[in-house]
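Please open the structure in your viewer and keep the selection tool at hand. The tour below moves from one selection to the next and says what is there at each stop.

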Amino acid sequence: MNKVVAGPSEAVRDIGDGATLLLGGFGLCGIPENCIASLVKMGVKNLTCVSNNAGVDDFGIGLLLQQKQVKKMISSYVGENAEFERQLLSGELQVELIPQGTLATRCLAAGYGMPAIFTPAGVGTEVAAGKEVRNFNGKDYLLEYAFDADFALVKAWKGDTMGNLIFHATARNFNPLMAMAGKITIAEVEELVPAGELDPDAIHTPGIYVQRIFQGTNYENRIEQRTVTRR
Amino acid sequence: MSLTKEQIAQRIARELRHGYYVNLGIGIPTLVANYIPAGMDVVLQSENGLLGMGPFPLEGEEDPDLINAGKQTITTVKGSVFFDSAVSFGMIRAGRVDLTVLGAMEVSDQGDIANWKIPGKMVKGMGGAMDLVASAENIIVAMMHVNKAGESKILKKCTLPLTGVGCVKKIVTELAVMEVTPNGFKLLERAPGVSVEHIIANTEANLIIEGEIPEMLIN
């Protein structure tokens with residue numbers, strides 16, 4: 001059971017115009033840098049991107065936005081990207097802003113084989129518009145559907161040839177959830193090892209969810225807000 | 001004298017209790033971490049997947065994989081644990097987080113909060129705020145009493161798109177501490193040297209005022 005592909009261009013080769021993609025990461029932390037670079041190179045268009053954030057102007061999903069490759073973004077917070085804001089206000093880009101926990105749990109539902117979830121997030125707000133509301137034990141909840149995405153692009157710290165993944169620190173964030181939710185999940189890892197080398201107890205994402213894996217290169221791992229304590 | 005942002009944070013820190021798990025939002029709420037009383041066991045939750053958030057790293061020790069929900073580089077502390085975003089919002093939704101402190105653009109006397117969108121102007125998104133306010137039992141808002149145009153942000157009814165309905169319990173501003181009661185805002189404390197009349201003049205909503213209103217204790 002070998003899931004290894006040569007590199008990012010082979011991994012994303014069949015992502016076509018109009019595809020729906022789940023992209024892991026929180027801010028610029030734990031984003032699939034190599035896959036994004038390949039999508040920019042391919043010039044694939046009209047993408048629907050589901051990701052907590054939209055990158056910054058010159059990195060992450062911001063690179064796809066610059067090339068006008070994104071038709072629609074589904075995100076919870078997009079505050080750090082001026083080009084995004086410009087495209088949104090001018091109507092070039094469709095945007096659906098959804099609560100962060102709803103985003104996470106709609107991925108979880110897809111990976112768990114459940115069609116929908118109920119969450120209290122957004123009840124009584126414009127997020128609830130057109131959605132079914134159910135009352136359980138005196139409290140209202142919104143019906144939210146599992147994501148139905150063609151591909152998930154995730155970044156892990158370590159992976160093995162069978163697609164088992166381990167994440168590092170807060171770079172885990174949405175990555176394991178999206179890995180479970182994609183019809184085809186592509187994992188790029190900082191270190192790829194032969195099957196059997198990862199401790200089975202330590203694996204976060206079972207390889208059954210991962211269809212393609214490769215060892216990425218030239219990771220920038222950019223820091224968005226460098227905050228330090230003076231020595 | 002109205003409080004500085006640091007002093008608002010200082011006042012909110014007095015709401016912390018031993019053993020609390022606390023989620024601090026971006027802005028003034030983040031500053032609350034600087035005023036956790038010595039010896040008090042408080043664990044900070046960062047909704048991007050960390051319990052046990054420590055201070056900023058020493059220069060040169062930043063880890064790009066270790067950030068808080070404001071995307072700032074941080075550190076772990078003894079007993080820290082990482083998890084994915086579904087677990088993170090699972091513990092929030094399940095009410096395991098004892099106290100949530102967040103900022104707001106507007107709060108109404110029904111406890112409604114607006115803090116994620118100014119139509120046609122500001123498009124940032126709600127992040128985790130809608131999940132937090134929909135589930136947390138104990139929500140304190142840290143905010144400025146009036147906006148830059150001098151208009152009150154403490155209202156009978158919010159004018160901006162809502163983040164959550166009937167959820168805010170307490171508000172700490174540069175002028176006052178107020179509690180949301182079934183009958184509206186109740187004035188609990190005033191900033192040192194700030195008169196009740198000044199607070200009333202800067203508050204669009206009605207205030208319930210019972211007896212002498214004490215000054216906040218600020219170091």
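## Between the chains and within them

Begin by selecting A:Arg226, which has a relative accessible area of 56% and is therefore exposed. Please keep in mind throughout the tour that this is a predicted model. Add B:Glu62 to the selection, and you will find that A:Arg226 forms a salt bridge with B:Glu62, in which the closest N and O atoms are 2.9 Å apart. A:Arg226 lies in the segment after β11 (212-215) of chain A, while B:Glu62 belongs to the loop between β3 (50-54) and β4 (75-82) of chain B, so the pair joins two chains. Is B:Glu62 buried or exposed? With a relative accessibility of 18%, B:Glu62 counts as buried, because the cut-off for buried is under 20% relative accessible area.

Next, select A:Glu126 together with B:Lys117, whose closest N and O atoms lie 2.6 Å apart in a salt bridge. This pair also joins two chains, because A:Glu126 sits in the loop between β5 (116-119) and β6 (133-136) of chain A, whereas B:Lys117 is in strand β8 (residues 117-118) of chain B. A:Glu126 counts as partly exposed at 40% relative accessibility, and B:Lys117 likewise counts as partly exposed, at 24%.

For a salt bridge within chain A, select A:Glu220 and A:Arg222, whose side chains meet at 2.8 Å, N to O. Here A:Glu220 is partly exposed, with a relative accessible area of 43%, and A:Arg222 is also partly exposed, at 23% relative accessibility. In chain B, select B:Arg11, B:Glu15, B:Lys170 and B:Glu189, which are joined into one network by salt bridges that share partners. Over all chains, a search of the whole structure finds 17 salt bridges.

## A buried threonine in chain A

Now move to A:Thr185, which has its place in strand β10 (residues 182-193) of chain A. A:Thr185 counts as buried, its relative accessibility being 0%. If you display its surroundings and leave aside residues up to four places away in sequence, you will see that A:Thr185 touches A:Ala152, A:Val154, A:Met178, A:Ala179, A:Tyr209, A:Val210, A:Gln211 and A:Arg212.

## A sheet of chain A

Switch to a ribbon view and select strands β5, β7 and β6 of chain A, which form an open sheet of 3 strands in the order β5-β7-β6, with antiparallel pairing. The edge strands of this sheet are β5 and β6 of chain A, each of which pairs on one side only. If you look along the sheet, neighbouring strands are turned by 35° against each other on average, with direction ignored. How many bridges join β5(A) to strand β7 (residues 139-145) of chain A? There are 4 bridges between these two strands, which run antiparallel, and to see one such place you can select A:Phe118, which stands opposite A:Leu143 in β7(A).

## A covered strand of chain B

Finish in chain B with strand β1 (residues 20-24), which is mostly covered, as 4 of its 5 residues are buried. One partner to display is strand β2 (residues 42-46) of chain B, with which β1(B) pairs in the parallel sense over 4 bridges, and there B:Tyr20 stands opposite B:Val42 in β2(B). Another partner is strand β5 (residues 99-102) of chain B, which is joined to β1(B) by 3 bridges and runs parallel to it. For a last selection, take B:Val22, which stands opposite B:Leu99 in β5(B).

Terms used: Residues numbered from 1 in each chain as written. Chains lettered and ligands numbered in written order. Predicted model: local features only at pLDDT ≥ 70, side-chain atom pairs only at ≥ 80, totals over all residues. Heavy atoms only, no water. Salt bridge = Lys/Arg side-chain N within 4 Å of Asp/Glu carboxyl O. Buried < 20%, exposed > 50% of the residue type's maximum accessible area, 1.4 Å probe, protein only. Contact = heavy atoms within 4.5 Å. Pairing = 2+ DSSP bridges. Axes fitted to C-alpha atoms, helices over the stretch in contact; angles between N-to-C directions.
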